[in-house]
Amino acid sequence: MCVPFSLRAQKDTIYRVDDSFEDIVRTKARDSFYNDFKNKQLHLYGEAELEYPGIKLQADYLMVDFEKKEVLASYLTNEQGERTGIPVFTDGSEKVEAAKIRYNFKSKKGYILEMKVKQDENFLYMDAAKRQANEELHFRKGRFTHCDLEEPHYHFQLSKAILVPQKRIVSGPMNLWIKGVPTPLGLPFMFIPQQKERKHRHGVLFPQYSLQSPYGMGVQNLGYYFPINDSLQTSFYVNLYSRGSWGVSNNTQYKINYKFEGDLQASFQQFRTGFPDSSKLNKLSLRWNHRQNQKANPYWNFSSSINFNSDNTTKTSLEVVNQDYFKNTLTSDVNITRRFPGKPYVAGMKISARQNSISQNIALTSPYLSFNVARFSPFSKLKKKGQVGTRWYEKIMMTYNAEAQNRASFGDSILKQQRYDILRSSMLNGIRQDLRIQSNIGLFGNTWKFNPSLDYGNAVNFLQIRKSYDALNNTTQIDSLQQVGISNKLSFNAQLSTVLYSYYRIIGKNKPLLRHILTPSFSYRFAPNLNTIIEDSVGTNQELISYSPFERSLYPESSSQNTSVLSFGFNNTLELKHKSKKDTVTGFNKVRLIDGFSISGNYDFNKDSMRLSNISTSLRISPLKAINIVSSASFSPYDWNDSTQQSINQYAWKNRGQLARLLNANINTTLVLTSRAGRKKLEQNQDKLRNNWNADYQYFALHPEQYIDFEIPWKINFTHIFDIRRNISSIVGVDKFQFTNTLQTQADFSLTKRWKMIWNVYLDLERQKVINGRLTLTRDMHCWFLSVDWTPIGLNKSFLLRFNATSNLFKDAKIELKKPPELI
């Protein structure tokens, strides 16, 4: 073997030694390398690297022994005695860090001192280890932890152990050390599954403990985990309380890559408060979310979002922090959609349910069928070859929508009483279709946009009513008939709009320019009365009345007379542009003085009196980056009765000399206080959240001030809502106005680098009373997490103290003390 001597820096060297190595060895070093011909060794110094097929070795010192076919890697020490260039051994996806590494290329065995291995989120330290040919590591004096510090806050001290990469760690006697101090807590042996093997390991899920609640002491979420395969896993849970409350639940998750994913949660709970109240409340809950990947099928799509509670309320929950406590509406939908390639058609079917805890009603639609044709031009094919421009008839567009549904609205007591016969009898069904023909025409040099449209629709109902006179009670009797009936509607609509720009030069040093943008719009709607109206003497004392046979049908007729309404609206924005040295691109700075100010109303030609509607206004301004103000108001142009406040058929400007009277107004003011760096971070978060499709993220994109970011040291949000409404009543002496005056304060402070305090307070300023308050205190303990969540004020009073590990492997190693909200 002949190896030339050389002394170089930062250059690669390739060695091909046919009688010792089977492949090429590539080496390089920053400082130097030295060939020892006598001992057949190569020494490399300073950021040395060695690459051999399948492995890579980096250290400040490397020694290659060509005779033994071994490599030795070690660190060096600087003038201060500190270690530099700690050896790093990479074998495929596995990376090992150690003080010294000796590796034999032929036997594929190695000897390692002070080794550190990272797998998943866990760290394994070894005092001395041997790497076997099958890649197993046999070591002694090991430390297992998920803390990434050189001196971890805690670790499990392993006497002797074997590491099987990506599978398991098997250890002999071990015990727990905290801050370098051994504790008496330990085990005679330990088995730790790694990521790939842990996926298919079933086992017990540790419960949570409730020491105080309306149901007594209890054990919550004691469960068992079943990983069926890589695509399906499920868990079963049990809740038990000392006063007799109990519950069972199941959570199943599934995912097929590039096809679909989802999760299904089903639970049954029985609530009991104990002696002397022996009553019980049963609750069945179902959650199912299914999402189909867009790449799975470009034509068919199936999705579901089910959130159903049998008791029609979210307040009966054992969760300490119930995010849905103030939610009064539960929505459930199952959708299937079919698209047609190259066609503007879309067909769909849906089953939906809407639960409302305030009205105690449930609206069920099963099924809902739809067929929609997107906007298309029926005369586009008439365009001639070589034709320049677009003819008027080519701008005519059409859309078509059809639906058929079976719907019922009923009280939630029907489900509790299991009166399904009433549910069946309350079902309404019908078919509706709508056709729209519209166009877009430019007038006066295309400065005005004119959009005419013609709408036709009809509805087929399978339920009608007939009214008759009840002579015995002198009332009107209404009978429901299972009879098919057809109703029609026709309307003509026209819209006219433009944009006007006005500029005003203001005298000043920076030559400010004021720009006013006015967007007027006018629309007219005419709809002839095509409804089927029945006139008969069936009223009280056989009075002649008019009624529609579809009053209680699925698609009732909307109007019994002709409609002729002219609507108008004016939207305004105001901007100020002035010279600025801060803007190095354009040299000007723009300031939006008014984000939007609009005025709207309508005039009904078919009314007998008071044809002019109330005038609505809205205003949006942001005088400072920290302040956002949104206001709206409604005014009546008519005179009024001073006693009852009711409007009369005379204009206010004629009788009182004023343009209008205030009916209601709302002002919503948001103030966000934070540091300059915090405000910049808020803007960055808003930009990031805008690109996320998830609904939760979209909410924070619109309200970035409510996003909790630990990188923002402090932030305070004030949201003030002031609402005033005029009482219009026939009763004399009633207060003229009703007021709503609330203030919400949300603040978060980083008390220290790892302590964070957050509070939410809702204050009713009108009653001078706090209606809800919540305080959260968190402590980031690096590898552990401490949180206190306390709601002392409000209907959802609760308390939670939680101390848990941040590692997924030890997520069930936690301590919880909590007091759930009381049952209402």
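**Close-up 1. Strands β40 and β41 pair up antiparallel.** Here β40 covers residues 534-537 and β41 covers residues 544-547. The pairing runs over 4 bridges; strands count as paired if DSSP finds at least two bridges between them. Strands themselves are DSSP runs (E, at least two residues), numbered from the N terminus. Look across from Asp536 and you meet Ile545 in β41. The hairpin of β40 and β41 has 6 residues between the strands, and Asn541 there takes a positive phi near 60°. As for the ground rules, this is a predicted model, where local features need pLDDT of at least 70 and side-chain atom pairs count only at pLDDT 80 or more, while totals for chains, interfaces and linings use all residues. Residues are numbered from 1 along each chain as its sequence is written, and side-chain values use heavy atoms, with hydrogens and water left out.

**Close-up 2. β15 takes part in antiparallel pairings with β14, β17 and β16.** Strand β15 spans residues 154-164, and 7 bridges join it to β14 (residues 137-145). On that side, Gly142 sits opposite Leu158 in β15. The pairing with β17 (residues 174-178) runs over 5 bridges, and there Tyr154 faces Ile178. With β16 (residues 168-171), the count is 4 bridges. Ile162 finds its bridge partner in β16 at Val170.

**Close-up 3. Asp127 and Arg140 form a salt bridge.** Their side chains come to 3.7 Å, N to O. Such a contact is counted when a side-chain nitrogen of Lys or Arg is within 4 Å of a carboxyl oxygen of Asp or Glu. Because Asp127 belongs to strand β13 (residues 122-131) and Arg140 to strand β14, the pair ties together parts that are 13 residues apart in sequence. As background, side chains of opposite charge can pair when their charged atoms come close. A search of the whole structure turns up 22 salt bridges.

**Close-up 4. β22 pairs antiparallel with β20, β21 and β23.** Strand β22 runs over residues 218-229, and it shares 3 bridges with β20 (residues 203-205). In that pairing, Leu205 has Gly223 as its bridge partner. Another 3 bridges link β22 to β21 (residues 208-210), where Gln208 stands opposite Gln220. The pairing with β23 (residues 232-241) has 9 bridges. Gly223 turns up again here, opposite Tyr237 in β23. A hairpin takes the chain from β22 to β23 through 2 residues.

**Close-up 5. The largest cavity has a volume of about 100 Å³.** Among its 13 lining residues, those closest to the centre are Phe89, Val96, Ile112, Arg131 and Leu137. Two or more residues of the lining come from each of β9 (88-91), β10 (94-97), β11 (100-104) and β12 (110-119). Sort the lining by type and you get 7 nonpolar, 1 polar and 5 charged residues. For that sorting, Ala, Val, Leu, Ile, Met, Phe, Trp, Tyr, Cys and Pro count as nonpolar, Asp, Glu, Lys and Arg as charged, and the others, Gly among them, as polar. The structure holds 5 cavities of 30 Å³ or more. (A cavity is a set of points on a 1 Å grid over the protein atoms alone where a 1.4 Å probe fits but cannot get out, and lining residues have an atom within 4 Å of a point; points are joined across faces, edges and corners, and the volume is the space filled by probe spheres set on them.)

**Close-up 6. A nonpolar patch of about 540 Å² lies on the surface.** Its members are Ile437, Leu454, Tyr456, Leu490, Phe492, Phe526 and Leu530. Strands β34 (448-461) and β37 (485-498) each give two or more residues to the patch, and Leu490 is found in β37. (Patch residues have over 30% relative accessible area and no salt bridge, with nonpolar side chains, meaning Val, Leu, Ile, Met, Phe, Trp and Tyr, joined within 5 Å; areas come from the Shrake-Rupley method with a 1.4 Å probe, and only the protein chains shown count as cover.)

**Close-up 7. Ser366 and Pro367 are joined by a cis peptide bond.** Omega is about -5° at this bond. Pro367 lies in strand β30, which covers residues 361-376.

**Close-up 8. Glu47 has a positive phi without being a glycine.** The angle is near 45°. Glu47 is part of strand β4, residues 41-52.

Methods
1 Å grid on protein atoms, 1.4 Å probe; cavity = no way out; pocket = protein on both sides within 12 Å on 5 of 7 lines; lining within 4 Å. Patch = residues over 30% accessible without salt bridge, like charges linked within 9 Å, V, L, I, M, F, W, Y side chains within 5 Å.
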